[in-house]
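Please open the model in your viewer and keep the selection panel to hand. The stops below say what to select next and what is to be found there.

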Amino acid sequence: MKIIGLNSGEINSSAVLLNEGNIISGAPEERFTRSKKTKVFPKNAMKFILDSNQLQLTDIDYVSQAWNPGASWQKYNPMISSNRTKREDYFYSIPDHLFNFVERSPKDWVKMEFGGKIPPVYFIQHHRCHAANAFFLSTFEEAAFLTADWRGEYECLTRGIGKENELTILDSQEVPHSLGMFYATFTELLGYQSDNDEWKVMALSAFQVDCSKYTKLIRSTVNLLPRGRFELDQSYYKGALLDQPNLYTGKLLDLLGGKKGKGSAETDDWMIMIAKAMQEVAEEIAVHVLDDLYERTKTENVVLAGGFFMNSVFNGKIADRTKFKNVFISYAPDDVGNSLGAALYVNHCILNQPRQKVFRPSAIGPSFNTNSIKEALNRRNIKYRILDNPPQEVANLISQGYVIGLLQGRMEFGDRALGNRSILGDPRNVKMKDKVNGMIKYREGYRPFAPATISEESHNIFEVNSGFECHYMEKVVKIREKFRELLPAVTHYDGSGRIQTVREEDNPYFYQVIKEFQKITGLPVVLNTSFNINAEPVVLSPDDAISTFYNSGLEFLVLENILVSKN
Ligand SMILES: [Fe+2]
């Protein structure tokens, strides 16, 4: 049974291929078009999953699209119908237009780009795709699920329970009372781009400041209700009014002192306090929702998805702050992963196929052999050297303070580079954060880089139990006190780090890099950040890697077993 999952028409379009429940291939479209978070139809990603598996569209049994325009038919929604942003939003108010929209559905895109007979297409509701991504990528027999983002068709949060191949929705919450919108409002108010720069605000929130005055003020705009529900006072927020210029009202500005932030250009103490206060309130809301979910499901396992759960700072606290002991978040909890969620939903919930409770690596994208790498280098007359032991040489260079761009194996699917399309550096070097930020990522100095370690050492370096795993860099945890000074480049202001644990069987190349680095320095940790320049998509091919290498301050480039130096 071959299923193609698509996220299309939303930001972060992507395509994946599922065969007999196995995730065979997948990629975000932005990596091909080089346009960050693109919402165009993912024709390049779809071509990749078909071509790399020698398949035609006629070999595919089903296509599953992660958005259901039909959901807009269900009831009149004045909030959306008078502020339409999507074609299907017209369904709420103008039935005359119905048949025009049907003509231009994703089905027609598939037909236009790939021709031939189109397999049956399912349109799966946005939050069901998030829930399927969360639960079916986990290995739990049973788990409570919570999805939260800005908005799907009309939902912005769903809760339920997953058992075997079934997802049972207990309840959902609709816009405008949205956690994602709440976070986005403050992202914009601080001068950043909403629905894009939320993680910059999250990074600001780690500064150690007293923000209690603002926490109280922001908290006063939120009403926590029984049964794990909440409301945002709409006199402060207008994110649901999508044709309005701002997400916040003048009343919210006045409440917080009549100021607006200036984003990265001029980060000041007020911005830091607002970011921290808002993060605290967002966490309080999420804990309120989760506490009630626990009471209703009484399971210790929880799986989470939706853009809100890109918030690795909160993710790392869930096991401590709620009764859920086992927390799973996939490598792509945001909308890019909804292609995967859509395909999994069809496979398990509609076609009743049994689950596979196995670890799923995120490296499901394209890979490149040595010949194609040499060809890309020769075309540009670039000199290179073949390495006998690439991980050892990479570790050597890192330990000497050099910053390396590494391309090896298959490209990762989600936003997080996990050692296959990564920039690596020495975490011991106090200047490394500024060096990588200033010369390579061209981004704000306060944003932290992630520490990657080997699984068996994680509890020695971080305040976690032995056996702790965080494969996808999805959680922030505390670094043990004595290692904070030893690892300044990956230790955030509050002593935390966005941990990644690497197992040899999952990524032998990257595992060996860390192991070799440990042999040289005694520390089994390297600095890992995605291989891209700020605001560009992560590199996909040797061509992208070479171009990023020469357009940045990177000192060495390693493509599989081939080393390129600027000297
Ligand atoms: Fe979403």
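**First stop: two crossing helices**

Helix 16 passes helix 20 in a right-handed crossing, and since this is a predicted model, what follows describes computed geometry throughout. Select residues 390–399 for helix 16 and residues 508–521 for helix 20; the two pack at an angle of about 50°, with their axes 8 Å apart. Angles from 65 to 115 degrees would count as roughly perpendicular and those under 35 as roughly parallel, and helix 16 and helix 20 are therefore oblique to each other.

To see the contact itself, show side chains on both helices. On helix 16, pick out Pro391, Gln392, Val394, Ala395, Asn396, Ile398 and Ser399, which meet Tyr509, Gln512, Val513, Glu516, Phe517, Ile520 and Thr521 in helix 20. Colouring by class divides the residues of this contact into eight nonpolar, five polar and one charged.

**Second stop: the nine-stranded sheet**

Keep helix 16 selected and add the strands that it lies across, namely strand 14 (404–407), strand 15 (421–425), strand 19 (525–530), strand 20 and strand 21, with the helix running at about 160° to strand 14. These strands belong to an open sheet of nine, in the order 13-21-20-14-15-19-16-18-17, whose pairing is mixed. Strand 13 (385–386) and strand 17 (475–478) stand at the edges with a single partner strand each, so one side of each is left without a neighbour in the sheet.

Within this sheet, zoom to strand 20 (residues 556–559) and strand 21 (residues 562–565), which run antiparallel and are joined by four bridges. A convenient pair to label here is Leu557 with its bridge partner in strand 21, Val564.

**Third stop: the five-stranded sheet**

Now move to the other open sheet, where five strands follow the order 8-7-6-11-12, again with mixed pairing. Which strands stand at its edges? They are strand 8 (166–174) and strand 12 (326–329), each having a single partner strand, so that one side of each is left without a neighbour in the sheet. From one strand to the next, the twist averages 20°.

Select residues 142–148 and 301–305 to bring up strand 6 and strand 11, which pair in the parallel sense over four bridges; Ala144 has Val302 as its bridge partner in strand 11. Two helices pack on this sheet, and they can be added in turn. Helix 6 (residues 126–136) touches strand 6, strand 7 (155–163), strand 8, strand 11 and strand 12, and its direction makes about 140° with that of strand 6. Helix 11 (residues 269–297) touches strand 6, strand 7, strand 8 and strand 11, with its direction at about 150° to that of strand 6.

Strand 7 and strand 8 pair in the antiparallel sense over eight bridges, and Thr158 stands opposite Ser172 in strand 8. The two strands form a hairpin with two residues between them, and Glu164 in the turn has a positive phi of about 45°. Follow the chain onward to the loop between strand 8 and helix 7 (179–189), where Pro176 is found; a cis peptide bond joins Val175 and Pro176, with omega at about 15°.

**Fourth stop: helix 6 against helix 14**

Return to helix 6 and add helix 14 (residues 338–350): their axes come within 7 Å and cross at roughly 80°, which makes helix 6 roughly perpendicular to helix 14. His126, Arg128, Cys129, His130, Ala132, Asn133 and Phe136 in helix 6 meet Asn338, Leu340, Gly341, Ala342, Leu344, Tyr345, His348 and Cys349 in helix 14. By class, the residues of this contact are eight nonpolar, six polar and one charged.

**Last stop: the domains**

Finally, zoom out and colour the chain as domain 1 (2–132 + 336–350), domain 2 (179–329) and domain 3 (370–565). The C-alpha centres of domain 2 and domain 3 lie 30 Å apart, and 13 residues of domain 2 are in contact with 13 residues of domain 3. On the side of domain 2 that touches domain 3, helix 8 (198–204) and helix 12 (312–315) each supply at least two residues; that side has six nonpolar, six polar and one charged residues.

Terms used: Residues numbered from 1 in each chain as written. Predicted model: local features only at pLDDT ≥ 70, side-chain atom pairs only at ≥ 80, totals over all residues. Domains from an automatic or database assignment. Contact = placed C-beta atoms within 7 Å. Nonpolar A, V, L, I, M, F, W, Y, C, P; charged D, E, K, R; others polar. Pairing = 2+ DSSP bridges. Axes fitted to C-alpha atoms, helices over the stretch in contact; angles between N-to-C directions. Parallel < 35°, antiparallel > 145°, perpendicular 65-115°, else oblique. Left-handed = near helix turned anticlockwise from the far one by under 90°.
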